Amino acid sequence: MSFSGATPVGAPGDHPLLHGLDQAQREAVTNQGQPLCILAGAGSGKTRVLTRRIAYRAATGALLPSHVLALTFTRRAATELNRRLVTVGVRDRVAAGTFHATAWAQLRGLWADRHEREPALLDQKVRVLHALRPPRGSGEAALAEVAAEIEWAKARMISPDAYEAAVVAAGRRPPMDAGVLALIYARYEEEKRRRRLVDFDDLVILCAEALETDTGFAAAQRWRFRHLFVDEFQDVNPAQHRLVEAWRGGRSDLCVVGDPDQAIYAWNGADPSYLTGFGARLEGATVVNLDRNYRSSPQILAVANAMLDTRRAPGALDLRPTLGAGAVPDVATFPTDADEAAGVARALRHHHGGGRPWAEQAVLARTRAQLVIFEEALRAAGVPCRLRGAASFLARPEVVEVVAELRRRPPGSPLAAAIADVRLAARAGDPSGGDAATGGDAEMADAEMADAEMGSDAVVQSGAAGAGGAPERRASLQELVRMMGEQLALDPSAPVGGFLTWLTTALRGDNPDSSGDAVTLSTFHAAKGLEWPVVFLTGLEQGLVPVGRATTPEARAEERRLLYVAVTRAQRELHCSWAERRRFGAHTMARSPSPWLATVQAVVDALDGSASTAAAGGKWREHLDRSRAHVRSLSNGTPAGGRAGGARAGGGRGCVEVGERADPAMLAALRSWRASAARAAGVPAFVVLHDATLAVVAEARPGDRHALLALPGMGPVKAERYGEALLAVVANSGAA
């Protein structure tokens, strides 16, 4: 394997297609190494490089655009690729599309050539599963979970006979007994054969099998598609990789682009080892690294890089900033999730001042269920918003169904009676047969599967049936129950008709232009590939970030990468928040901050004051190393230059211990001072100084400003703001 050392096609010189590219990007465009792997970090211009590489090779005679096959994971990405190719002068349209759409087109041609009647395409698995009546659970919600499990198996090419063993080997928890689900899976496959149906997963496998067994079909496809390009290669699953290899047929003209740090779909079948092991697996492969970030400020990148300081994926890259200084990210704590939503709404309105478009801002959360309360709060505050990848709350099928049922009742019928029926409807999709809202972390862990934005046509075109409709349905109906409860709290005798009028007005009437300039509400998964100048990361709590069901090291590493993806969506400003209490259905639960918020806060402290200036001035490496040293000291339980400790970093459960030798009386005095300072400023205590810093101060007993500045977590701004008071507390406590 060679690293970026091959001679480029011809002499690039001052070719127009290379204008505006940095040295690494030029190398990725001109390198004639085959196969070629381009490791492109977030914001490094991978789409630009992929487009320019195709155009440059066409311009230098190394390929014909009509013989290119470019594979993407969304139709939007394929459309954007062709649009960019046109803008750089590629007149002949390349074949760009998703795996499923491309396979379907090729199979239809094959069946026509064989004079075979093509099977019908099954757009939703539940259409067949419904007739199979799986035990435990009923209705679309339970069926959607079964569909998701079948998709997981088929992505890995696991047959019904092998399903039980595969589940055990993967440590996976299916929604029902694995043996029962294997039987349903087998019956599903047999029913499709009987009715001559194929689903989206079948298209990938059938096309690969045809290329492997039909020499004429393979020769025709490989003649037409001589140059293969695959985007987002870290998201390829085993079935898709098999199809890529079948198209390739042992040829070397393959170029893949991806980022191991953005591998966030392993739970649904993606295998990032196809990207990270590319150089070792394919003989003569060349690897080019793109690590310069053109999207985010140095301050945001410091947080992003620190997120992946441990358990990094093989081949992962540190992102190097190219932009000037931006705002230091911040962390906010709210008493409740409603307060968090209201606070974010106020901040959005503030940022909108001065003519900034609403569309430059986004609110991101780990699960779609969390976004319901933000949708409601933003519309109540007159902030136009759109929920990415989903219909508005009133347009969601489960809400439409229940509202239609309520409208069939007499308008004057009591709302109190109707609320019990809606609560039962919310429980109907719970495979456990109980109230899904009885446990905070467990309920929200289930809500993880509400993230339907997988980026594949299979999910998009099947209505995301396999992406976990059950938790999303429950969350929507539980939110409807909550709204009904609010109405009853105000008026115990409220009628159904009055509630429906209020609901329509509150959620629809205040947002007439949400399809135009609007704030985006999105899950972390759905935000991948997008960017906004201002990003609010919300609900950063234990059980959500990481999600509760991520119990293995591999799953937690993926959750960490998912947070990294969310952070790197921000261009200029990043605002992080969590709530001390959150409502789950009819229950309110106490919450604790995400264990990774300690890392964020440590980096924010290191960025405070002149450190941010140093990062913006080009000393980003030294600055980042200092930030990471601080983070590692917290993670290891040892302050930089200090000893192991006993106070908790970040103030959250599950955080690390520092400052073991701190004087308890002095630490108590420091905490009392911090509480007073926090009340005076109207901020959470750890925003002033977190526990780890107080413990180090109590242990080090600094006597002057110079000694105070030498301590981790004490940037010049905090020293200027609190230094005199801190030194006074230390002196007074020591004297006592």
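In the predicted model, E558 has a relative accessibility of 8% and therefore counts as buried, the limit for this class being under 20%. Its salt-bridge partner is R561, with the closest N and O atoms 3.7 Å apart, and R561 likewise counts as buried, at 11% relative accessibility. Both residues belong to helix 24, where R561 and E558 are separated by three residues, or about one turn of the helix. In general, an α-helix has 3.6 residues a turn, so residues three or four places apart point the same way.

The structure holds 39 salt bridges, and some of these connect separate helices. D202 and K192 form one such pair, in which the closest N and O atoms are 2.4 Å apart. The two residues lie 10 residues apart and link distant parts of the chain, with D202 placed in helix 9 (residues 200–213) and K192 in helix 8 (residues 178–195). D202 is buried, its relative accessible area being 11%, and K192 is buried as well, with a value of 2%. A further salt bridge is formed by the side chains of R242 and E212, at 2.7 Å from N to O. This pair also links distant parts of the chain, since R242 is found in helix 11 and E212 in helix 9, 30 residues apart. Here R242 is partly exposed, with a relative accessible area of 24%, and E212 is partly exposed at 44%. Beyond individual pairs, a network of salt bridges links K125, E151, K154, E189, K192, D199, D201 and D202, so that the bridge between D202 and K192 involves two members of this network.

Aromatic side chains were examined next, and the count comes to five aromatic pairs. F73 and F99 make up one pair, described as tilted, with a centre-to-centre distance of 5.4 Å and an angle of 55° between the planes. The pair bridges distant parts of the chain, 26 residues apart, as F73 is located in the loop between strand 3 (68–72) and helix 3 (75–87), whereas F99 is located in helix 4 (residues 99–113). Both rings belong to residues classed as buried, F73 at 10% relative accessibility and F99 with a relative accessible area of 1%. In another pair, the ring centres of W104 and W111 are 6.0 Å apart and their planes stand at 70°, so this arrangement is edge-to-face. W104 and W111 are both buried.

The packing of helix 14 (residues 298–307) against helix 25 (residues 597–607) is characterised by an angle of about 140° and by axes lying 10 Å apart. The crossing of helix 14 past helix 25 is right-handed. On the side of helix 14, the contact involves Q299, A302, V303, A306 and M307, which meet T599, V600, V603 and L607 of helix 25. The residues of this contact comprise seven nonpolar and two polar, with no charged residue. Helix 14 is largely enclosed by the rest of the structure, because 10 of its 10 residues are buried. The buried residues of helix 14 include Q299 and N305, together with nonpolar residues among which are I300, L301 and V303.

Several features of the backbone also deserve mention. In general, most residues other than glycine have a negative phi, and most peptide bonds are trans. A cis peptide bond nevertheless joins Q34 and P35, with omega at about -5°, and P35 is situated in the loop between helix 1 (23–30) and strand 2 (36–40). A cis peptide bond also runs from V545 to P546, with omega near 5°, and P546 is situated in the loop between strand 16 (532–537) and helix 24 (553–567). As for phi, M157 has a positive value of about 60° although it is not a glycine; M157 lies in the loop between helix 6 (139–155) and helix 7 (163–170), and at 39% relative accessibility it counts as partly exposed. E232, which is not a glycine either, has a positive phi of about 50° and lies in the loop between strand 7 (227–230) and helix 11 (238–248). E232 is buried, with a relative accessible area of 15%.

Key
Residues are numbered from 1 along each chain as its sequence is written. This is a predicted model: local features need pLDDT of at least 70, side-chain atom pairs count only at pLDDT 80 or more; totals for chains, interfaces and linings use all residues. Side-chain values use heavy atoms; hydrogens and water are left out. Axes are lines fitted to C-alpha atoms, for helices over the stretch in contact, and angles run from 0 to 180 degrees between N-to-C directions. Helices (H or I, at least four residues) and strands (E, at least two) are DSSP runs, numbered from the N terminus. A crossing is left-handed if the near helix is turned anticlockwise from the far one by less than a right angle, and right-handed if clockwise. Contact means heavy atoms within 4.5 Å. Buried means under 20% relative accessible area, exposed over 50%, partly exposed in between (1.4 Å probe, protein chains only). Rings of Phe, Tyr and Trp (its six-membered ring) pair if their centres lie within 6.5 Å; planes under 30 degrees apart count as stacked, over 60 as edge-to-face and the rest as tilted. A salt bridge is a side-chain nitrogen of Lys or Arg within 4 Å of a carboxyl oxygen of Asp or Glu.
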